[in-house]
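Here is a short set of exercises to work through with the structure open beside you. Try each task before reading its solution.

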Amino acid sequence: MSRLVFILNGPNLNLLGKRQPEIYGSDTLADVEAACRRIAEAAELEIRFHQSNREYELIDWIHEARDCAAGIIINPAAFTHTSVALLDALNCFEGPVIEVHISNIHKREAFRHHSYVSLRADGVIAGLGVAGYPLALQHMQRLLE
Ligand code: CA2
C-alpha cells in the first residue's frame, strides 16, 4: 500500500510568516514543510508538499493523488469557502482527507464559517496555528496503519 501523503495549500499561503503574523504566526510555509518532513521521516511516510494560488492546480494535484497517494492533507485557504470544484475533486479521491486551518475559522467573519471541503474531510483541524499540519500528519499515519 502507498505511504505517500499529499499536503496541499491554497491561495496566499505562500505569504505565511511574511504578513499578518497576528493571525497566522511567524513561521513560513517552508518552516511548515520542514516540520512535516521531520514527522514524515519518523513515520516512514513520503510527502509531496505543494502550494498554489490557482484553483485548477490544486484540482490537478488531487487528481494526481488518486493514482499514487494514500491520503491528502489540505489547507484550501479561501477556496475552503467558495470551491465546489475542490469538493468535487476530493469526492473522487478514495483515501482519507484531513482539512487544516491555521486560524480558527469559526471565531472569524461569518463567511469563513462554512467549508465546502468539510463535506468531504474525515477530520478538520482549525485554530492550532501551523502546529495543525504535523498533528494532521501524525493522525494520517494512524489512519494508514
Ligand atoms: O486559517 C487558515 O488556514 C485559512 O485557511 C487561511 C486562509 C483564509 O482565507 C481561510 O479563511 C482560513 C487565508 C490564507 C492566507 O494566508 C496568508 C498568510 C499570511 C499572510 C497573508 C495571507
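Valine 5 makes a good starting point in this predicted model: leaving out residues up to four places away in sequence, Valine 5 touches Leu45, Glu46, Ile47, Arg48, Gly71, Ile73, Leu137, Met140 and Leu144.

**Exercise 1. The surroundings of valine 5**

Task: find the element that holds valine 5, and decide whether the residue is buried or exposed.

Solution.
- Step 1. Valine 5 belongs to strand E1.
- Step 2. The relative accessible area of valine 5 is 0%. Buried means under 20%, so valine 5 is buried.
- Step 3. Take one of its contacts, Ile73. Valine 5 and isoleucine 73 are 68 residues apart in sequence, yet 7.3 Å apart in space, C-alpha to C-alpha.

**Exercise 2. Strand E1 and its partners**

Task: sort the side chains of E1 by the way they point, then work out which strands are joined to E1 by bridges.

Solution.
- Step 1. Begin with the general pattern: side chains in a regular strand alternate between the two faces of the sheet.
- Step 2. Now apply it to E1. Leu4, Phe6 and Leu8 point one way, while Val5, Ile7 and Asn9 point the other way.
- Step 3. Check the cover on each side. All of these residues are buried, and the count for E1 (residues 4–9) is 6 of 6.
- Step 4. Look for the strand pairings. E1 is joined to strand E2 (residues 46–51) by 6 bridges, and the two run parallel. With strand E3 (residues 71–75), E1 shares 5 bridges, again in a parallel arrangement.
- Step 5. Pin down the register with individual residues. Phenylalanine 6 is opposite arginine 48 in E2, and leucine 8 has isoleucine 74 of E3 as its bridge partner.

**Exercise 3. From E3 to E4**

Task: follow the pairing from E3 to E4 and describe how the faces of E4 are covered.

Solution.
- Step 1. E3 and E4 run parallel and are joined by 3 bridges.
- Step 2. For a residue-level landmark, isoleucine 73 is found opposite isoleucine 98 in E4.
- Step 3. Val97, Glu99 and His101 lie on one side of E4, with Ile98 and Val100 on the other, and all of them are buried. The count for E4 is 5 buried residues of 5.

**Exercise 4. Polar side chains in E4**

Task: which side chains make polar contacts with the side chain of glutamate 99?

Solution.
- Step 1. Locate the residue. Glutamate 99 is in strand E4 and counts as buried because its relative accessibility is 0%.
- Step 2. Look for the polar contacts. The side chains of glutamate 99 and serine 118 make one of 2.7 Å, and the side chains of glutamate 99 and histidine 101 are also joined by one of 2.7 Å.
- Step 3. Turn to histidine 101. This residue is in strand E4 (residues 97–101) and, with a relative accessible area of 4%, is buried.
- Step 4. Compare the surroundings, not counting residues up to four places away in sequence. Glutamate 99 touches residues including Ile74, Pro76, Thr80, Ser115 and Ser118. Histidine 101 touches Asn75, Pro76, Thr80, Ile125, Ala126, Gly127 and Leu128.

**Exercise 5. Two residues with positive phi**

Task: where do glutamine 20 and glutamate 44 lie, and how accessible are glutamine 20 and glutamate 44?

Solution.
- Step 1. Recall the background: most residues other than glycine have a negative phi.
- Step 2. Glutamine 20 has a positive phi of about 45°, and glutamate 44 has a positive phi of about 55°.
- Step 3. Place them. Glutamine 20 sits in the loop between E1 and helix H1 (21–24), and glutamate 44 in the loop between helix H2 (29–42) and E2.
- Step 4. Judge the accessibility. Glutamine 20 is partly exposed at 41% relative accessible area, whereas glutamate 44 is exposed at 64%.

**Exercise 6. The largest pocket**

Task: which residues are closest to the centre of the largest pocket, and how is its lining made up by class?

Solution.
- Step 1. The volume of the largest pocket is about 340 Å³.
- Step 2. It is lined by 19 residues, and the closest to its centre are Pro11, Asn12, Leu13, Tyr24 and Ala77.
- Step 3. Sorted by class, the lining has 9 nonpolar, 7 polar and 3 charged residues.

Terms used:
Residues numbered from 1 in each chain as written. Predicted model: local features only at pLDDT ≥ 70, side-chain atom pairs only at ≥ 80, totals over all residues. Heavy atoms only, no water. Buried < 20%, exposed > 50% of the residue type's maximum accessible area, 1.4 Å probe, protein only. Pairing = 2+ DSSP bridges. 1 Å grid on protein atoms, 1.4 Å probe; cavity = no way out; pocket = protein on both sides within 12 Å on 5 of 7 lines; lining within 4 Å. Points joined across faces, edges and corners; volume = space filled by probe spheres on them. Nonpolar A, V, L, I, M, F, W, Y, C, P; charged D, E, K, R; others polar. Contact = heavy atoms within 4.5 Å. Polar contact = N/O pair within 3.5 Å; in protein donor to acceptor, adjacent residues only side chain to side chain.
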